[in-house]
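Visitor: Could you take me through this structure by question and answer, with the cut-offs behind each term?

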Amino acid sequence: MRVDIVTIFPQFFDVLDISLLGKARANGIVDLRVHDLRDATHDRHRTVDDTPYGGGAGMVMRPEPWGETLDGILGAGGASVALGDASTPGDASTDDLASTASDAPTACDASTPLIVFPSPAGNVFTQKTARRYAQEEHIVFGCGRYEGIDQRVFDWAGTRARVELVSLGDYVLNGGEVAVMAMIEAFGRLIPGVVGNPDSLVEESHEGGLLEYPSYTKPAQWRGYDVPDILLSGHHANIAKWRHEQQVERTKRIRPDLYEAWAAAQD
Ligand SMILES: N#Cc1c(-c2ccc3ccn(Cc4cccnc4)c3c2)n[nH]c1N
């Protein structure tokens with residue numbers, strides 16, 4: 001898998017070299033490339049932003065550096081344009097993915113790169129999104145800053161590749177970098193070969209729609225707290241049953257929304 005990240009803070013992603021992804025990069029499983037948006041500016045101050053048309057507070061990211069940088073990543077000719085419906089079912093909601101694009105056609109051929117722009121106005125990123133991204137051959141992440149990126153970048157990019165606006169959640173960040181870091185960790189660990197023991201991925205929170213069961217390790221007694229006897233019984237079938245019951249109880253108590261969806265899927 002190839003991953004490109006466009007940002008004005010390229011050093012932000014240096015940490016990816018020490019994480020699991022660092023090993024995946026070294027092993028050639030992931031080809032990660034970070035691009036400084038300012039390298040596509042041509043003025044003395046390397047300007048990437050300007051005042052918003054129509055007035056208002058803050059600054060907007062200029063389209064030219066984005067177009068030049070994305071041209072370099074996608075190739076001058078860019079992906080073949082398979083004009084299609086701009087809306088593609090999201091993972092957490094049914095809003096269309098390029099909802100910010102006016103009516104620009106969207107290259108919807110799965111062989112074209114996927115361009116992901118973190119945005120407060122995006123579809124919420126979920127484990128389902130992470131599983132989908134882990135299957136992609138080439139993802140480009142566009143990290144906005146200031147009050148966001150000129151809308152025409154999304155509109156134009158949608159004619160060259162599949163475009164998704166994705167949000168980490170309903171709170172406001174200062175830019176897309178933290179969101180991209182979280183998304184890369186979430187889907188990166190699902191790529192075969194990145195995590196040592198793939199079995200460890202199966203019973204995690206959100207895999208299968210339930211939260212994970214509580215975990216314990218030695219010592220058996222600690223500050224007056226004992227490990228549940230069932231876990232010391234060696235009876236694997238009973239342990240598995242208890243763990244599933246814990247998952248259901250926890251999900252119902254902590255995330256009734258997830259529990260309702262899970263229960264409906266059991267019928
Ligand atoms: N993913 C995600 C996000 C973001 C986010 C993502 C990209 C940018 C680029 C600029 N800002 C600041 C900004 C602030 C307010 C309005 N518009 C823009 C971003 C916030 N905020 N919250 C999330 N869950």
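What follows is a set of questions and answers about the model shown above.

Visitor: How many helices and strands are there in the protein chain?
Guide: Before any counting, note that this is a predicted model, in which local features need pLDDT of at least 70, side-chain atom pairs count only at pLDDT 80 or more, and totals for chains, interfaces and linings use all residues. Residues are numbered from 1 along each chain as its sequence is written, and side-chain values use heavy atoms, with hydrogens and water left out. Helices (H or I, at least four residues) and strands (E, at least two) are taken as DSSP runs, numbered from the N terminus. On that basis the protein chain has seven helices and eleven strands.

Visitor: What is the mean pLDDT of the protein chain, and where does the pLDDT stay under 50?
Guide: pLDDT is the predictor's confidence in each residue, from 0 to 100, and its mean over the protein chain is 88, with 84% of the residues at 70 or more. Residues 78-89 stay under 50, and for them the model has 31 contacts (heavy atoms within 4.5 Å) beyond four places in sequence. Another stretch with pLDDT below 50 is residues 93-106.

Visitor: Which ipTM does the predictor give the complex?
Guide: Two scores are given for the complex as a whole, a pTM of 0.88 and an ipTM of 0.98.

Visitor: Which element gives the largest share of the largest nonpolar core?
Guide: A nonpolar core is a set of buried Ala, Val, Leu, Ile, Met, Phe, Trp, Tyr and Cys residues joined through side-chain atoms within 4.5 Å, where buried means under 20% relative accessible area, exposed over 50%, and partly exposed in between (1.4 Å probe, protein chains only). The largest such core has 29 residues, and those with the most contacts inside it are Val3, Ile5, Tyr133, Phe141, Ile184 and Phe187. The elements that give two or more residues to this core include β1 (2-7), β8 (138-142) and α5 (177-188). The largest share, seven residues, comes from α5.

Visitor: How many of the residues of β1 are buried, and which of them point the same way as Ile5?
Guide: In a regular strand the side chains alternate between the two faces of the sheet. In β1, six of its six residues are buried. Arg2, Asp4 and Val6 point one way, while the other way is taken, together with Ile5, by Val3 and Thr7.

Visitor: Which residue of β2 is the bridge partner of Ile5?
Guide: Two strands pair if DSSP finds at least two bridges between them, and β1 pairs with β2 (residues 31-36) in the parallel sense over six bridges. Leaving aside neighbours within four places in sequence, the contacts of Ile5 include Phe13, Leu16, Phe141 and Ile184. Thr7 stands opposite Asp36 in β2, and the bridge partner of Ile5 there is Val34.

Visitor: Which residue of β8 stands opposite Val6?
Guide: β1 also runs parallel to β8, with five bridges joining the two strands. In β8, the residue opposite Val6 is Gly142.

Visitor: Which salt bridge joins residues four apart in helix α6?
Guide: A salt bridge is counted when a side-chain nitrogen of Lys or Arg lies within 4 Å of a carboxyl oxygen of Asp or Glu, and by this rule the count comes to 13. Because Glu249 and Arg253 are four residues apart in helix α6 (residues 236-254), about one helical turn separates them. Glu249 is partly exposed at 37% relative accessible area, whereas Arg253 is exposed at 53%. Their side chains meet at 2.7 Å, N to O, and the pair asked for is Glu249 and Arg253.

Visitor: Is Asp150 buried or exposed, given its salt bridge with Arg152?
Guide: The side chains of Arg152 and Asp150 meet at 2.6 Å, N to O. Arg152 counts as partly exposed, at 48% relative accessibility. With a relative accessible area of 13%, Asp150 is buried.

Visitor: Is Asp39 buried or exposed, given its salt bridge with Arg46?
Guide: The side chains of Arg46 and Asp39 meet in a salt bridge of 2.6 Å, N to O. Arg46 is partly exposed, at 33% relative accessibility. Asp39 has a relative accessible area of 53% and is exposed.
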